[in-house]
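Me: Could you take a close look at one part of this predicted model for me? I'd like to hear about a surface patch, and then about the charged pairs.

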Amino acid sequence: MSNFEFDWSVVPDNMDILLEGLWLTIKISVLSLILSLPIGIIVGFGRIAKNPVIRFISGAYVEIMRGIPLLVLLMWIYFGLGKLIDFGTYWASIVGLATFSGAFLAEIFRSGVQAVPKGQMEAARASGMSNFQAMRLIILPQAIRRILPPTASQFIMLIKDSSLVSVIGGVDLTLRARSVVATSYRALEIWTAVAILYFILTFALSLLIRYFEKRMLKNEQ
Amino acid sequence: MISIKNVNKSFGDHHVLTDISLEVPKSNVVALIGPSGAGKSTLIRTINALETIDTGSITVNDIAIHDKKTNINKARTNIGFVFQNFNLYPFLSVLDNVTIAPIKIKGQSKAEAEKRAKELLTSLGLGEKFDAFPNRLSGGQQQRVAIARALAMDPEVMLFDEPTSALDPEMVKEVLDAIRALAKQGMTMVVVTHEMGFAKEICDDIVFMADGKIVEVAPPDVFFTNPTTDRAKDFLAAVLNH
């Protein structure tokens, strides 16, 4: 410990490699995020559907996804399901992250919609709106305020969880860092730099969503 | 105008409505009164299908409300409903609360809907509140906005489910005045209420319910002075002598 000396030059020297990894992390995260949204919406509404079969399937999906570690899910998709369908690392990563995150989004959407008082739906229906109109015009505008903050947290989780794709060979930021450390032996410097890169990414997303939140509240009152 | 025939409804083992039959002719005002748990709110909610019924029939202006084949959304545009807890849309201004259904359902233009909404709100004493949000209004004001919202669809029937029960006493009058004015205009109305003086004054018939049944139907002067059933006598003794 006493004769340890920092050598930060290893970071700029390997920055091109790290940025390549960061780029893959961003691509995988953004695509998973986009895919997880419709999954979350469909399953979330499935959880409160009138049809008991749809409700059961949606509930089972959420419980299973919540109950499996993401690492195991990624392994299962890539090595297990991979025997039947050849996703390749890239799409196996995206499918794993999106299906996993979609389950959590479904719970966020469901609870956001259910938190709107029952009287709102009744008032809308009593005025002659269809269930769909009432949902779109009256319930969702109120639910979205409750949905947005936890959705932001979920997206941030997804970016961080994307580091797990390195175990199925995804050459993302984490795997690039491991290879740089393996050749340079500069673990502290490299992992510090990697932590900062992840933080910049998630913090930027956090600010972006906060901006949308503020703008929406301003528009509504 | 409203015709209810042999309606039954149960929640599990609990029979909430038992063999209910009731006719409300056009321009009549009917009060549903009775002890809590009598089924008054359930009954009024069946008239616009917020509650389903197990057997029997309900028609409003000859449209079968109970029939699954009926386009209930269309039928409801002809039936205004006012809730105990107002249920205004908190994210919309007063004006938007009143215009959203005429614009989105009846396809009125924004200008047309707003003109009508402003007339209604002004006549209900809310001429200064167009741009206010519901949470800035008193309970009495919110309930009057809710009445304007229902009237904006130009319904032929208005249903009031305990419209003054959630209000502070000093605000009850302003809401009752609004309902009274509608009665004068000849609106067909059913009102669940605990305001006996009001029921006596504006109603053509008093419908007394207990334990999910209609026990007695009579004009107010008969009902309040000379009820025929013991159940009604006991109820009146309890509510009028306190």
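Reply: Start with the nonpolar patch on the surface: A:Leu71, A:Val72, A:Met75, A:Phe79 and A:Val167 make it, and it covers about 390 Å². One of its members, A:Val167, sits in the loop between helix H7 (131–161) and helix H8 (173–184) of chain A. That valine counts as partly exposed because its relative accessibility is 35%.

Now for the charges. Over all chains, the predicted model holds 18 salt bridges. Take A:Arg47 and A:Glu107, whose side chains meet at 2.9 Å, N to O. This pair links distant parts of the chain, 60 residues apart: A:Arg47 is in helix H2 (residues 15–47) of chain A and A:Glu107 in helix H5 (residues 88–114) of chain A. A:Arg47 is partly exposed at 23% relative accessible area, while A:Glu107 is buried at 12%. Both belong to a salt-bridge network that also has A:Glu63, A:Arg66 and A:Arg110 in it.

Another salt bridge joins B:Arg45 to A:Glu122, with the closest N and O atoms 2.6 Å apart. Here the pair crosses between chains, from helix H1 (residues 40–46) of chain B to helix H6 (residues 118–126) of chain A. B:Arg45 and A:Glu122 are both buried.

Over in chain B, the side chains of B:Arg180 and B:Glu201 form a salt bridge at 2.5 Å, N to O. B:Arg180 lies in helix H6 (residues 169–184) and B:Glu201 in helix H7 (residues 196–202), so the pair ties together parts 21 residues apart in sequence. B:Arg180 is buried at 19% relative accessible area, whereas B:Glu201 is partly exposed at 48% relative accessibility.

Conventions:
Residues numbered from 1 in each chain as written. Chains lettered and ligands numbered in written order. Predicted model: local features only at pLDDT ≥ 70, side-chain atom pairs only at ≥ 80, totals over all residues. Heavy atoms only, no water. Patch = residues over 30% accessible without salt bridge, like charges linked within 9 Å, V, L, I, M, F, W, Y side chains within 5 Å. Areas by Shrake-Rupley, 256 points an atom, 1.4 Å probe, with all protein chains shown as cover. Salt bridge = Lys/Arg side-chain N within 4 Å of Asp/Glu carboxyl O. Helix = DSSP H or I, 4+ residues; strand = E, 2+ residues; numbered from the N terminus. Buried < 20%, exposed > 50% of the residue type's maximum accessible area, 1.4 Å probe, protein only.
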